[in-house]
Amino acid sequence: MSNPDPQIPQLPSSLSLIQKLGAVALISGLLVAMVYEYTKPMIADNQRVALEAALYNVLPASASSRLTFRLEDDQLTLVPDDTPNEGDLIYAGYDNEHKLVGIALTAAAQGYQDTVKILYAYDPYSSCIKDFVVLKSTETPGFGDKIATDESFLKNFECLDAKVNEDQSALAHAIKTVRHGTKKNPWEIDAIAGATITSNAVGRMLDKSGQFFHPAIAQNLNLLENAQRSTQP
Amino acid sequence: MAEKSPKIDIRTSPYIRRAPTVPEIMRHVVYALLPICAYSVYQFGISALTSMIVTTAAAVGAEHFFCRMAEKRSTIGDFSAVITGLLLALTLPPGFPLWMGAVGGFISIALGKALFGGLGFNVFNPALVGRAFVQAAFPVAITTWTPAFALNRFSEFIPSTLAFPFMTADPTAEWTLNTAIDGFTGATPLALMKFQGVMTDAKDLFLGTVAGSAGEPSSLLILLCGAYLVYKKMLDWRITAAVIFGTFITAGFFHLMNPSQYPSASFMIFSGGLMFAAVFMTTDMVSSPVTPLGIFIIGFLVGFMTVIIRLFGALTEAVMYAILFGNAATPIIESFTQPRIFGARRDKD
Amino acid sequence: MSTPAPKQETPVTLEIFTAGLWKENPIFVMMLGLCPTLAVTNSLANALAMGAATIFVLVGSNALVSGLRHFIPKQIRITTYIIIIATFVTLVDYLIQAISLEMYNALGAFIQLIVVNCLILGRAEAYASKNSFNKSVVSAAGMGVGFTFALACLGSVRELLGSGKLLGFQVFSDNFEPWVVMILPPGGFIVLGSWLILFKWIEQRQTKKIISSDAATHCTVKHNS
């Protein structure tokens with residue numbers, strides 16, 4: 001520095017600092033709001049497409065229409081199809097005769113790196129978890145992402161037992177992941193050797209989701225069955 | 001160009017006895033390794049032989065390459081790279097694809113040695129660095145074991161050996177079925193213990209008639225070769241003893257707690273690569289401690305970690321990680337266990 | 001505040017841009033912003049997306065910081081810079097979600113974490129707050145491209161060895177044995193270290209050449225005199 005600085009730098013008044021900070025924050029806020037408004041429909045569209053693709057894969061092929069329900073305090077309420085999913089939505093698929101053919105539910109749990117989120121099919125008649133697609137996963141490629149491809153792991157989901165107990169308050173058997181090669185009961189998931197943490201996450205999320213949804217589905221099965229008929233007479 | 005000054009060798013007393021030079025020590029270690037290599041070739045056939053040749057060539061080549069890059073005199077003459085290559089080959093499965101072995105040999109020298117500044121500066125045992133890398137890179141190939149004493153081991157390669165560079169190895173299951181003497185499943189004693197609760201007879205382990213890495217099966221031979229180095233005063237037997245002691249205490253403790261679940265101490269000591277590692281790996285002159293108490297602590301730590309990882313970890317073989325851990329702990333343990341200089345007083349703070 | 005004496009603006013030169021590419025490369029020379037470098041370079045596509053997002057944030061925030069540099073009081077400059085950077089990170093977060101949800105999921109939390117990428121705050125503090133708008137933008141673009149270049153260096157090697165692909169296209173035959181370690185975190189460190197060694201080695205050879213040629217000319221001068 002060549003020009004001599006004053007010994008004690010003069011502190012600007014707090015008010016002016018706050019004003020200037022406020023001005024910068026205002027500019028920032030404007031920018032964020034503009035871009036948010038601009039991208040909002042695009043993001044919603046992307047999410048809808050992703051969900052549609054996932055539902056298409058999970059629900060039985062005979063499902064030609066579907067309804068979305070929200071589960072709140074053991075009560076099911078019909079909501080529009082584009083309701084954002086906060087982990088409390090039930091997607092019910094119906095065939096041409098308005099018969100209930102399958103239910104798709106979401107589940108999420110902490111995996112190895114980040115939250116893993118899946119959409120799985122639940123058959124309320126056989127009480128089976130049948131199939132799932134990964135909605136969101138940043139698991140290690142080559143290990144954790146095997147949950148979507150490993151054949152012996154997917155074999156668990158030919159019919160994973162998720163029955164509800166007698167008084168329809170919880171699952172009859174908690175779903176859990178067991179060490180590779182030690183599966184004995186239909187409600188156990190045989191882990192992938194080398195991807196134990198992600199396999200365990202799948203078990204945990206299905207148990208959590210099952211305990212949450214399945215009893216309510218069992219209680220309200222009539223409502224679900226007749227919903228399509230009543231909406232489209 | 002600087003003028004060459006006359007070379008004056010300065011040594012500490014006593015002056016009459018000449019200390020062995022680095023190449024001399026290394027040469028004797030190679031001599032000690034040769035019987036093990038020979039037995040390994042006898043056990044596993046030409047696949048093991050080519051594996052040793054390739055890893056050694058890769059290690060020596062890498063040593064030469066990095067010396068050239070650093071514009072130093074090439075140090076391949078001191079045999080240390082040869083030892084690294086041989087040690088690496090002996091810790092790999094006999095049917096390990098050759099190109100992966102070459103990668104391992106190169107990485108051993110590159111990451112394990114050249115990075116730290118060459119021989120004498122490496123923190124970790126180079127061969128184990130290489131093995132840890134290939135373990136992490138090729139987890140399937142490194143856990144594919146083939147039986148010892150296969151019938152046609154001298155006439156044909158194990159199918160996985162000749163995998164084309166960068167390509168997956170051919171499966172060996174069928175070959176194993178066709179050539180194994182009887183009922184061999186390709187599982188090592190440790191894997192049998194871990195996943196099926198089957199214990200292998202201590203006699204088989206001692207003589208080496210089981211599956212495993214190229215150099216680990218026969219504990220007897222390893223001990224004999226180690227004894228030769230101890231006799232030549234080129235191996236610190238205290239480290240080996242401390243490792244075995246650590247394993248014995250830890251494994252014995254668990255065995256006493258629950259004999260049906262945890263294997264006996266003798267099984268732990270003679271199975272897997274523990275004996276080989278205790279004799280040839282932990283005693284590596286550069287990366288092992290020199291203070292008497294430090295030797296004991298590190299040796300015990302390696303033995304302890306080995307048992308803990310074997311029993312409670314996801315992997316079947318644990319000696320490698322235990323030793324790397326021990327290597328990493330060596331500097332700090334050494335600084336804690338400095339012997340007091342005679343006559344010196346301890347500082348008050 | 002006293003306004004500094006008006007200075008003669010030096011013109012924007014190409015050098016300001018190229019400094020970020022090589023001589024002051026943020027990763028290979030300055031070693032800034034290593035967290036995203038190691039975390040998201042397990043494939044080339046991720047690396048490029050991360051690079052593009054960083055360029056956007058870097059250029060946007062440096063432009064705004066530079067534009068407001070006489071307005072922002074010294075006492076609250078860091079706070080202000082962080083607000084500005086966070087703004088652009090939020091923007092890029094929305095934009096990536098709008099462009100591709102898949103990419104957004106692959107990059108995970110690292111998009112939001114650009115806000116703590118020391119490269120961006122570093123450039124705002126060290127360059128944009130002292131230089132003109134044009135120069136700041138050009139320099140930020142150079143830095144961003146250099147950053148992306150480095151990410152791509154890592155990403156291509158890791159994807160090629162780790163899964164035998166490049167940008168998702170199979171390079172080797174189906175039989176390729178993936179080097180699993182390359183996609184895992186240790187692979188990031190190993191590849192970064194290898195690139196650093198390579199670049200340092202090239203640099204050293206160049207300086208040596210220059211020194212030896214200098215020495216040679218000195219000798220001839222001496223002889224002549």
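**Exercise 1. A salt bridge beside a helix**

Task: Which side chain does R238(B) meet in a salt bridge, and how exposed are the two residues?

Solution. Step one: the side chains of R238(B) and D236(B) meet in a salt bridge at 3.0 Å, N to O; the term calls for a side-chain nitrogen of Lys or Arg within 4 Å of a carboxyl oxygen of Asp or Glu. Step two: R238(B) has a relative accessible area of 35% and is partly exposed, and D236(B), at 23%, counts as partly exposed too. Here buried means under 20% relative accessible area, exposed over 50%, and partly exposed in between (1.4 Å probe, protein chains only).

A word on the material: this is a predicted model, in which local features need pLDDT of at least 70 and side-chain atom pairs count only at pLDDT 80 or more, while totals for chains, interfaces and linings use all residues. Residues are numbered from 1 along each chain as its sequence is written, chains are lettered from A and ligands numbered from 1 in the order in which they are written, and side-chain values use heavy atoms, with hydrogens and water left out.

**Exercise 2. Two more salt bridges**

Task: Are K113(B) and E63(B) buried or exposed, and which parts of the chain does the pair link?

Solution. Begin with the distance: the closest N and O atoms of K113(B) and E63(B) are 3.1 Å apart, in a salt bridge. Next, place the partners: K113(B) sits in the loop between α4 (98-112) and α5 (126-137) of chain B, and E63(B) in helix α2 (residues 46-69), so the pair, 50 residues apart, links distant parts of the chain. Helices here are DSSP runs (H or I, at least four residues) and strands are too (E, at least two), numbered from the N terminus. Finally, both K113(B) and E63(B) are buried.

Now compare chain A: K130(A) and D123(A) meet through their side chains at 3.5 Å, N to O. K130(A) is partly exposed at 37% relative accessibility, whereas D123(A) is buried at 17%. The search of the whole structure finds 6 salt bridges over all chains.

**Exercise 3. Following helix α10**

Task: What span should α10 of chain B have, and what do its buried residues pack against?

Solution. Start with length: the 21 residues of α10 (residues 237-257) should span 30 Å at 1.5 Å a residue, and the end C-alpha atoms are 30 Å apart, which agrees. The expected span is 1.5 Å times one less than the number of residues. Then look inward: the buried residues of α10(B), including I239(B), V243(B), G246(B), T250(B) and F254(B), pack against α11 (265-270), α12 (274-281) and α13 (292-312) of chain B.

Last, look outward: F245(B), F248(B), I249(B), L293(B), F296(B) and I297(B) make a nonpolar surface patch of about 530 Å². Both α10 and α13 of chain B supply at least two residues each to the patch. F296(B) lies in α13 and is partly exposed at 39%.

**Exercise 4. Chain B as a whole**

Task: How many helices and strands does chain B have, and how much of the chain is buried?

Solution. Count the elements: chain B has 14 helices and 0 strands. Then take the burial: 52% of its 349 residues are buried. To finish, the accessible surface of chain B comes to about 17100 Å², with 67% belonging to carbon and sulfur atoms; the areas come from the Shrake-Rupley method with a 1.4 Å probe.

Key. Contact means heavy atoms within 4.5 Å. Patches are made of residues with over 30% relative accessible area and no salt bridge: like charges are joined within 9 Å, nonpolar side chains (Val, Leu, Ile, Met, Phe, Trp, Tyr) within 5 Å.
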